[in-house]
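Student: Hi! Could you walk me through this structure? I'd like to start with one helix and go from there.

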Amino acid sequence: MTQTQFQVVILATDKASGNSKLEPIDATIPHSLLPIANRPLISYQLEFLERAGFESNNHINNNINNTKTEPVIIVVNETSQEKIKQYVSEIYKGKIEVEFFVLKDQLATCEILYRIRDKIRVTTINHFYNNNNNNNNNNNNNNNNNNNNNNNNNSNSNNNNNNTLWKLEYFMVLNANLVLEDTFIRQMADLHRKEESSLTVLLKPPTPKVEQKGKGATETSTKLDKLFTDYIALEEKSQKIVMMEPATEVEEDLFFNKSLLKHFPNLTIYTNLQDTQLYIFSRWVLDLIVEDQKEKYPLFFDIKKHLIPYLLSCQIPNIKRKRALPASAFNQNQSLSQTMSSTTSPFDQFSELNSQKNKTIKCFAHLLNKDGYCMNVNTIKNYQQINRDIAKGDLQYLPNEPKSEKNFFIDPTANVAITQVGPQCVIGTSTTLGAKCSVKFSIIGKHCKIGDGVRIENSIIMDHVIIEDKCVVNSSIICNDVNIKAGSSTVGQYLTK
């Protein structure tokens with residue numbers, strides 16, 4: 001995908017991160033800057049967007065004429081804005097143009113979208129094509145292409161039928177916890193556009209459980225699993241999603257509306273699919289939020305708890321709704337967006353528009369392929385796992401440090417004897433390892449000083465950490481600026497300054 005027509009919102013505020021259970025390691029670090037294999041979490045999201053084709057105007061080699069690409073909106077808290085802005089402006093060197101929106105108070109996710117409504121813009125594309133010369137433009141040499149382009153421009157100026165104006169009214173909301181590969185994004189975007197979906201949700205198949213060692217094992221895993229589990233109902237043939245109920249909201253039994261079962265008689269209920277909290281919305285949903293926020297008693301505060309259940313219920317014809325859908329929900333001009341799909345021919349643009357029968361909308365789910373990597377960094381266990389996954393070196397995302405033939409990553413400025421470091425390790429800038437140290441399956445950050453005879457295994461060491469002589473660190477997370485005294489044994493602990 002060389003280019004996209006979706007504006008992106010990254011919710012990087014504390015409250016928007018949802019039910020994250022990362023205490024105490026994020027107590028002094030903005031969530032979006034938590035180091036993962038010595039890279040801040042937000043760097044993976046920006047790289048994901050680059051790989052998916054979200055590039056600023058300065059970097060795009062347009063294959064669609066007169067296209068304006070909107071910046072990625074990152075919503076941050078006032079307390080964390082300085083550090084996050086500093087990273088994006090001074091350290092990040094990628095192709096994504098970023099526009100920050102700073103919140104001075106804690107707001108729920110729907111309230112955030114209401115606040116930034118004027119920044120979520122409608123992208124307009126003025127697309128030219130010529131039916132007769134379409135194939136020639138693809139196959140002829142450069143000289144012929146130039147001639148054909150000139151002919152197309154002349155033809156377009158005289159024939160309005162060949163000059164189509166598309167208003168691409170979609171936006172994507174991405175939770176700041178998420179790290180995922182871009183292999184799915186074209187298919188998900190095509191599904192949303194082709195089916196004229198109002199909401200498309202990315203769902204993740206279950207991840208094989210990894211045995212948890214150390215202090216983290218004392219957590220009540222059942223409660224944590226329930227916290228991040230949803231009951232999801234899908235109509236298999238159509239990929240429509242008709243229910244997504246958090247397990248924490250279900251006491252014993254699931255109840256289904258009779259009208260829902262009448263309209264969707266063939267449902268499959270899943271308890272092992274995870275909502276990744278990556279959503280594509282049609283822009284009319286923002287109109288709905290705006291109208292709702294004007295009410296004395298708004299209905300929508302949280303995207304997942306309030307907005308999505310309402311949208312799913314609006315797929316049922318003639319159901320009583322607490323809030324009327326805006327007229328923009330049934331804008332037939334949106335069906336022209338089907339021609340933007342990579343699976344749709346431009347000659348289909350005047351095909352029959354979707355009917356508005358019974359004033360319903362459509363919501364879809366895209367299931368991530370089992371081979372596609374996706375991790376929601378919302379627990380200590382997931383944080384440890386994603387560090388291990390990146391350090392393996394077999395994902396599309398890699399540490400910034402150069403990779404060796406022995407499958408470890410060491411910064412050139414680090415003072416390290418190679419024999420001290422095993423595979424799947426990362427050693428950061430200006431870090432020093434003393435004599436007879438051993439590092440296995442671990443991440444060590446920048447400007448750390450590791451004394452003589454230290455053994456580090458299955459651990460994450462952040463920046464500016466001092467570990468004195470003859471210490472043992474195993475299955476632990478050591479946060480910034482911590483000093484571990486000589487001879488200490490740190491097993492299964494999370495240490496902060």
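**Helix α2 and its surroundings**

Tutor: Happy to! The buried residues of α2 pack against β3 (39-40), α1 (41-52), β4 (72-77) and β5 (98-103). Here "buried" means under 20% relative accessible area, "exposed" means over 50%, and "partly exposed" is in between (1.4 Å probe, protein chains only). Packing is judged by contacts, that is, heavy atoms within 4.5 Å. Helices (H or I, at least four residues) and strands (E, at least two) are DSSP runs, numbered from the N terminus.

Student: Is there anything I should know about the model itself?

Tutor: Yes, this is a predicted model: local features need pLDDT of at least 70, side-chain atom pairs count only at pLDDT 80 or more, and totals for chains, interfaces and linings use all residues. Residues are numbered from 1 along each chain as its sequence is written, and side-chain values use heavy atoms, with hydrogens and water left out.

Student: Back to the helix, then. Which residues of α2 are buried?

Tutor: In α2, which spans residues 81-91, the buried ones are Gln 81, Ile 84, Tyr 87 and Val 88. Looking down the axis of α2, they fall within an arc of 140 degrees, so they line one face of the helix. That arc is taken from the directions from the helix axis to the C-beta atoms.

Student: And which exposed residues are on the face turned away?

Tutor: Glu 82, Ser 89 and Ile 91 are the exposed residues there.

Student: Why do residues three or four places apart point the same way?

Tutor: An α-helix has 3.6 residues a turn, so residues with that spacing point the same way.

Student: Cool. Let's zoom out: how many helices and strands are in the chain?

Tutor: The chain has 11 helices and 30 strands. Of its 497 residues, 52% count as buried.

Student: Switching to strands: is β12 mostly buried or exposed?

Tutor: Buried: this is the case for six of the seven residues of β12 (residues 240-246), so the strand is largely enclosed by the rest of the structure. It runs antiparallel to β11 (residues 230-235), and six bridges join the two. Strands pair if DSSP finds at least two bridges between them. Within this pair, Tyr 231 has Glu 245 in β12 as its bridge partner.

Student: What sits between those two strands?

Tutor: The hairpin has four residues between β11 and β12, and Gln 239 takes a positive phi near 70 degrees. Ser 238 is also found in that loop. Ser 238 is partly exposed, with a relative accessible area of 24%.

Student: What does the side chain of Ser 238 make a polar contact with?

Tutor: The side chain of Glu 235, at 2.6 Å. A polar contact is a pair of N or O atoms within 3.5 Å; within protein, one must be able to donate a hydrogen and the other to accept it, and residues adjacent in sequence count only if both atoms are side-chain atoms. A polar atom of the Ser 238 side chain also lies 3.2 Å from the backbone nitrogen of Lys 240.

Student: One last topic: which residues have the most contacts inside the largest nonpolar core?

Tutor: Ile 25, Leu 278 and Tyr 383, in a core of 62 residues. The largest share of this core, seven residues, comes from α1. A nonpolar core is a set of buried Ala, Val, Leu, Ile, Met, Phe, Trp, Tyr and Cys residues joined through side-chain atoms within 4.5 Å.
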